[in-house]
Every structure is written in structure tokens, then in C-alpha cells.
Amino acid sequence: MIPLWIKLAYTLFVAITVAVYATKYSRGNFLWFSDIALLGTVAALWFESPFLASMMAVGVLLPELLWNISFFGQLLTGKHVSGLTDYMFDARRPLYLRALSLFHVFLPVLLIWMIARLGYEPGAWIAQTALAWVVLPLCYWLTDPALNVNWVFGPGNKPQKRMAPLAYLGLLMVGFPVLIYLPTHLLLRSLFG
């Protein structure tokens, strides 16, 4: 159902991206949900798995939409929209490294296309929630607070100071499933269920 050329092209892109990211970023960078989806989509493509495609979509479609609004908003207007894509306009970062981050543009499109072809698996949002409940504590314990992977130390670029750090992490572990995964699940189920 998925053409071989798409599988090969995507896999090659991911292999190059992983190789470059492994030399330019810390290993904790691969714990970003978007990077997990980037890698998980390789398996979803090759196995033609509606479950994996659905899980990756539930995990990243809403955040990727916000990323794209931020990126294209600033690209087209020159005005800062949010901190999500500030690094894309940082001239100190090599252009090739920023160009690899354009996967945020085509990954959501690819995932929606895959679900349209393969179908949507309703249990994906539960599995994505379970994955988040593993990944978020790992981000908290294993990554540098300055990187703030998956915002485990606070919204935006700086750690929050309004509540105890573990209370904030607990709030985040409830927030992702309720505010991101469930609405995405309900939308995908209504469109492709």
C-alpha cells in the first residue's frame, strides 16, 4: 500500500538526519516527541502499520501544527510568533542543520497520508500516552534543563519556578494526554475511523 520509493526516500532522509544530529546534538535531543515520531514513522512505513502511524500522528500532529504556524508566520512576516522555531532563524546554526529540521513540515502530511491509506487505530492514543509517561520522566532525569526537552522543566525556553519541579512534571504528564493526544485522537477517529 505504501510505494517503495517513499519508504526508501524517507528512510534515507532519517538516516542522514540521525547521523548529523548525533554529532551536533546531545543524545537527549532524540527524546523530543517529534524526533521519536521521525524515527517511529520509519517502522510504520516499512511495516505498513496503521497502529504505529496512528500513534505517531496522535503524538505530534498538534505540536507540529504549532511549529509550522510559528515557522511560516515568522518566515512570511518577519515577526516572532513563538519560541518553538527560534533556532530556525539563528544564523549561528549552520543552514544544513536548520534545513534538516524542515521534517516538521512534511512529517504531519506524511502521517495523515499514511492514516488515510492504512486506517486509524483508535488504541493509538492510549499507547502514545503510555510512551509519554516513560519519555517525560526520562527527559526530566536525563537531559539538561537548559535544553528543556518536551518542556519538562517549564513552558518555553526557561525552567518554570511557580511550582515544585516534580509537580510540574506530573501536570505535564496529565496535560499531554488530555490537551494534545485526546483531541487529536478524536479528530483522527472522526476523519478516518
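This report covers the pockets, the cavity and helix α1 of a predicted model.

**Pockets and cavity**

| Space | Volume | Nonpolar / polar / charged lining residues |
|---|---|---|
| Largest pocket | about 830 Å³ | 15 / 10 / 4 |
| Second largest pocket | about 190 Å³ | 9 / 1 / 1 |
| Largest cavity | about 30 Å³ | 6 / 2 / none |

The largest pocket is lined by 29 residues. Asn29, Trp32, Leu84, Tyr87 and Leu147 lie nearest its centre. Helices α2, α3 and α5 each supply at least two lining residues. The largest share, 4 residues, comes from α3.

The second largest pocket is lined by Leu61, Leu62, Glu64, Leu65, Pro108, Ile112, Thr184, Leu187, Leu188, Leu191 and Phe192. Here α3, α5 and α7 (165–192) give two or more residues each. The largest share of this lining, 5 residues, comes from α7.

The count of cavities of 30 Å³ or more comes to 1. Its lining is Phe33, Ile36, Ala37, Met56, Gly59, Val60, Gln128 and Leu131. Helices α2 (33–47), α3 (50–77) and α6 (124–142) each supply at least two of these residues. No charged residue is in this lining.

**Helix α1**

Helix α1 runs over residues 4–24 and has 21 residues. From first C-alpha to last, α1 reaches 30 Å, close to the 30 Å expected at 1.5 Å a residue. Its buried residues are Ile6, Lys7, Tyr10, Val14, Thr17, Val20 and Tyr21. An α-helix has 3.6 residues a turn, so residues three or four places apart point the same way. The buried residues of α1 pack against α2, α4 (95–100) and α5 (103–118).

Definitions and conventions
Residues numbered from 1 in each chain as written. Predicted model: local features only at pLDDT ≥ 70, side-chain atom pairs only at ≥ 80, totals over all residues. Heavy atoms only, no water. 1 Å grid on protein atoms, 1.4 Å probe; cavity = no way out; pocket = protein on both sides within 12 Å on 5 of 7 lines; lining within 4 Å. Points joined across faces, edges and corners; volume = space filled by probe spheres on them. Nonpolar A, V, L, I, M, F, W, Y, C, P; charged D, E, K, R; others polar. Expected span 1.5 Å × (residues − 1). Buried < 20%, exposed > 50% of the residue type's maximum accessible area, 1.4 Å probe, protein only. Contact = heavy atoms within 4.5 Å.
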